[in-house]
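Q: I would like a close look at a single part of this protein, with enough of the rest to place that part in context. Please keep the answer plain and connected.

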Amino acid sequence: TGTYVDKNYYMFDYYDEVVEDLGKASNIDFSKRFMTLGEVKNIISRTKK
């Protein structure tokens with residue numbers, strides 16, 4: 001889950017073993033706590049390929 005913080009920054013406050021395994025399988029680093037909107041959109045576009 002992502003929470004809008006300010007000026008296109010989002011905070012992701014949930015991370016566990018399942019999320020870690022999904023990240024490894026999809027080659028996405030879900031351990032980052034803060035991301036910009038651009039980073040989030042980039043992840044979404046990579047998963048649609």
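Which strands pair in the antiparallel sense, and over how many bridges? Please start from that part and work outward.

A: The model is a predicted one. Strand β1, residues 2–6, and strand β2, residues 9–12, pair in the antiparallel sense, and four bridges join them. D6 has its bridge partner in β2, namely Y9. The hairpin made by β1 and β2 has two residues between the strands.

The loop deserves a look residue by residue. K7 is placed in the loop between β1 and β2. The phi of K7 is near 50°, which is a positive value in a residue other than glycine. K7 counts as exposed because its relative accessibility is 64%, and the cut-off for exposed is over 50%. N8 is also found in the loop between β1 and β2. The phi of N8 is near 70°, again positive in a residue other than glycine. With a relative accessibility of 43%, N8 counts as partly exposed. That value lies between the limits for buried, under 20%, and exposed, over 50%, so N8 falls in the middle class.

Next come the aromatic rings. The structure holds one aromatic pair. Y4 and Y10 form this pair, and its geometry is edge-to-face, with 5.3 Å from centre to centre and 65° between the planes. The label edge-to-face applies because the angle is over 60 degrees. Residue 4 falls within the range of β1 and residue 10 within that of β2, as the ranges 2–6 and 9–12 show. Y4, at 47% relative accessibility, counts as partly exposed. Y10 counts as partly exposed too, at 22% relative accessibility. The lower limit of that class is 20%, so Y10 is not counted as buried.

The hairpin can now be placed in the whole. The protein has two helices and three strands. Along the sequence these follow the pattern β-β-α-β-α. The C-alpha trace spans about 30 × 25 × 10 Å along its principal axes. Of the 49 residues, 10% count as buried. The protein exposes about 4100 Å², and 55% of this is supplied by carbon and sulfur atoms. Among contacts between residues at least 6 apart in sequence, 24% join residues at least 24 apart.

Beyond the hairpin lies helix α1, which covers residues 17–26. E17 is found in this helix. With a relative accessible area of 59%, E17 is exposed. E17 and F30 are 13 residues apart in sequence, and their C-alpha atoms are 11 Å apart in space.

F30 also belongs to a nonpolar surface patch of about 380 Å², made together with Y15, V18 and L22. V18 lies in helix α1. V18 is exposed, with a relative accessible area of 54%. This value is over 50%, which is why V18 is placed in the exposed class.

Helix α1 carries a salt bridge as well. E20 and K24 are both in α1, four residues apart, about one turn of the helix. Their side chains meet in a salt bridge, at 3.5 Å from N to O. The pair qualifies because the distance is within 4 Å. The two partners differ in exposure class: E20 is partly exposed at 31% relative accessibility, whereas K24 is exposed at 60%.

A search of the whole structure finds two salt bridges. In the other, E39 is joined to K32, with the closest N and O atoms 2.6 Å apart. E39 has a relative accessibility of 29% and counts as partly exposed. K32 is partly exposed as well, with a relative accessible area of 32%.

To return to the part you asked about: β1 and β2 pair in the antiparallel sense, K7 takes a positive phi near 50° in their hairpin, and the rings of Y4 and Y10 form an edge-to-face pair.

Conventions
Residues numbered from 1 in each chain as written. Predicted model: local features only at pLDDT ≥ 70, side-chain atom pairs only at ≥ 80, totals over all residues. Heavy atoms only, no water. Buried < 20%, exposed > 50% of the residue type's maximum accessible area, 1.4 Å probe, protein only. Phe/Tyr/Trp six-rings, centres within 6.5 Å; stacked < 30°, edge-to-face > 60°. Patch = residues over 30% accessible without salt bridge, like charges linked within 9 Å, V, L, I, M, F, W, Y side chains within 5 Å. Areas by Shrake-Rupley, 256 points an atom, 1.4 Å probe, with all protein chains shown as cover. Contact = heavy atoms within 4.5 Å. Pairing = 2+ DSSP bridges.
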